[in-house]
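Student: I would like to work through this model with you one question at a time, and to have each answer reasoned out before it is given.

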Protein chains: 2
Amino acid sequence: MTPADARAATARTAPPLNRTQVLTAAVALADREGLAAVSMRHLSAELGVVPMALYKHVADKDDLVSGMIDLVVAGYRPPEAGLDWREAVRQRVLSARDALLEHPWLRTAIEAATRRTPIVLGHMDALAGEFARGGLSYDLVHHAMHALGHRIWGFSPEAFASPPPRPGDTAPPPPTDVEAEAQRAMVAAMAQHFPHVAAIALDSAARSPSGACDEQFEFEFTLDLLLESFDRLHAAHWSSS
Amino acid sequence: MTPADARAATARTAPPLNRTQVLTAAVALADREGLAAVSMRHLSAELGVVPMALYKHVADKDDLVSGMIDLVVAGYRPPEAGLDWREAVRQRVLSARDALLEHPWLRTAIEAATRRTPIVLGHMDALAGEFARGGLSYDLVHHAMHALGHRIWGFSPEAFASPPPRPGDTAPPPPTDVEAEAQRAMVAAMAQHFPHVAAIALDSAARSPSGACDEQFEFEFTLDLLLESFDRLHAAHWSSS
DNA sequence: ACCTGAACACCGTTCAAGT
DNA sequence: ACCTGAACACCGTTCAAGT
């Protein structure tokens, strides 16, 4: 079905496109096929419309991606009222993490983002506000936000973990015997050349039966480590001037 | 000058291209015009060669970028021998940071990278090795690496800072009077809608005369905060099993 | 107000061919 | 062994035109 056909089929009944529809479709497309699949041309085809039609609702590609981020970030849940600042920050960050697990493309999108929208600023402000209401000086709040880094958005920097699988990828076929043998050799070579990385992997495997690093545990552990550090600095009468 | 002309001009004297030349030229191009300018076509034109010629020295675009990262990471300086583990980690991370300041595109490249090369694994292993030689359990080393996150590569996650200027961008023209007025209004609106972000900016400006956040100080402060946390967990007899 | 069509200046990568 | 040329299937975005 060409865009013209699709348009003709719905010309009488369908209301004109609007920004929310475009962004919602973009998010759904990214969820399904990954961020790389979200091109102006692919997205427009999905909406039964010519590529240039999108430019009425979105300034350009950058604005489209910003809008997708906003749509998700706007859904972060605020914490219950009356919580201790540590717990309030914890809940905000874990809520961000929930959204991220639903939308795996969000990590890449945020890392590549170049604009600071009001919604995004609002999230940062809310988080800074929790610290400030807890009595931390703005100097310490500043340092705390930097130390949290991308955990603010619900993910830790992926310097150590392997890259996540993308939805577009097909599952790898089961290894043949010679491939399995080659893999064993690889692991042995790894252990020889990178003994500490190998030791960490072994230790981690021994700790969790699944063999993989427990990402959720790791995230919460590091988050709590940071919160404790801020608390300690705060308790040490870290002063603002 | 077309690629053919360039080739003809040097056909007798120039030796054939090799991988190192391709990667070095790619790094220089990225330093000069930003990572976005490093396309197979642009790079090949710069080398006086047809795009497909690069594929003899590089598997594909991903391999090209991996090679660029390797070239820089291979230049990270190892710390002096006999240092305390905390100081050794500190020096490795600060050396990574030096390289990053020379190559601003490195942050984006590492964040987008999908392959784990031996050179990159080697850096992670060296860092994990410093912790391990300090007597930390591999479980704690694992957590420490996660907490360091992208600081391993010399940058902190840019969740709070504004995106860095790209070499390709032209400097903005000086603001006219009405623009300056509009900017003042923006700042006032910021302070109203995002009071905590504004307070942090004000506090930071009061602290450093330049008005901007002192990135280097911030980086080292957070790095030291993390190192202290690991040390404390270590001293608390954090056990491995 | 919203969508279309054709065009422009780009991409990465294939294949078969040259020297 | 290394480089070329033509082609394919894509991009984002412009401009002028339709309804």
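The exchange below takes up the fold of one chain, the relation between the copies, the core, and the contacts with DNA.

Student: Which elements build up chain A, and how many helices are there?

Tutor: We should keep in mind from the start that this is a predicted model. Read from the N terminus on, the elements of chain A run α-α-α-α-α-α-α-α-α-α-α. Chain A thus has zero strands, and the number of helices is 11.

Student: What percentage of the residues in chain A is buried?

Tutor: A residue is called buried here when its relative accessible area is under 20%. Applied to the 241 residues of chain A, this gives a buried share of 44%.

Student: What relation connects chain B with chain A?

Tutor: Chain B can be laid on chain A with an RMSD of 0.0 Å, by a turn of 180 degrees and a shift of 0.0 Å along the axis. The same surface serves both copies, since 100% of the contact residues of chain B recur in chain A. The turn and the shift together therefore give the relation of a two-fold axis.

Student: Which residues have the most contacts inside the largest nonpolar core?

Tutor: In soluble globular proteins, nonpolar side chains tend to be buried together. The largest nonpolar core of this model has 118 residues. Those with the most contacts inside this core are Leu64(A), Phe131(A), Phe230(A), Leu64(B), Phe131(B) and Phe230(B).

Student: Which residue of chain B is in contact with Phe230(A), if neighbours within four places in sequence are left aside?

Tutor: With those neighbours left aside, the contacts of Phe230(A) include Trp85(A), Phe131(A), Leu136(A), Leu140(A), Ala144(A), Ala147(A) and Leu148(A). The list also holds a residue from chain B, namely Leu225(B).

Student: Is Met40(A) buried or exposed?

Tutor: Met40(A) lies in helix α3, which covers residues 40–46 of chain A. Leaving aside neighbours within four places in sequence, Met40(A) is in contact with Pro51(A), Leu54(A), Tyr55(A), Val58(A), Lys61(A) and Leu64(A). Because its relative accessible area is 10%, Met40(A) is classed as buried.

Student: Which base atom of DNA strand D is 2.5 Å from an N or O atom in the side chain of Arg41(A)?

Tutor: Of the 16 residues around DNA strand D, those that come nearest are Arg41(A), Met52(A), Tyr55(A), Val50(B) and His57(B). Sugar and phosphate account for 49% of the atoms of this strand that come within 4 Å of the protein. On the phosphate side, a backbone N or O atom of Met40(A) lies 3.0 Å from a phosphate oxygen of DNA strand D, and a backbone N or O atom of Lys61(A) likewise lies 3.0 Å from a phosphate oxygen of the strand. The base atom that is 2.5 Å from the side chain of Arg41(A) is a nitrogen.

Student: How far from a phosphate oxygen of DNA strand C is an N or O atom in the side chain of His57(A)?

Tutor: DNA strand C is surrounded by 16 residues, of which the closest are Val50(A), His57(A), Arg41(B), Met52(B) and Tyr55(B). Backbone N or O atoms also lie by phosphate oxygens of this strand, with a distance of 3.3 Å for Leu17(A) and of 2.9 Å for Lys61(B). For the side chain of His57(A), the distance to a phosphate oxygen of DNA strand C is 3.5 Å.

Student: How many charged residues does the surface near DNA strand C have?

Tutor: The residues of this surface divide by class, with nine of them nonpolar and two polar. The number of charged residues near DNA strand C is five.

Definitions and conventions: Residues are numbered from 1 along each chain as its sequence is written. Chains are lettered from A and ligands numbered from 1 in the order in which they are written. This is a predicted model: local features need pLDDT of at least 70, side-chain atom pairs count only at pLDDT 80 or more; totals for chains, interfaces and linings use all residues. Side-chain values use heavy atoms; hydrogens and water are left out. A nonpolar core is a set of buried Ala, Val, Leu, Ile, Met, Phe, Trp, Tyr and Cys residues joined through side-chain atoms within 4.5 Å. Buried means under 20% relative accessible area, exposed over 50%, partly exposed in between (1.4 Å probe, protein chains only). Contact means heavy atoms within 4.5 Å. A residue is near a molecule or strand if one of its heavy atoms lies within 4 Å of it. A polar contact is a pair of N or O atoms within 3.5 Å; within protein, one must be able to donate a hydrogen and the other to accept it, and residues adjacent in sequence count only if both atoms are side-chain atoms. Copies are superposed by least squares on the C-alpha atoms of residues with pLDDT of at least 70 in both. Ala, Val, Leu, Ile, Met, Phe, Trp, Tyr, Cys and Pro count as nonpolar, Asp, Glu, Lys and Arg as charged, and the others, Gly among them, as polar. Helices (H or I, at least four residues) and strands (E, at least two) are DSSP runs, numbered from the N terminus.
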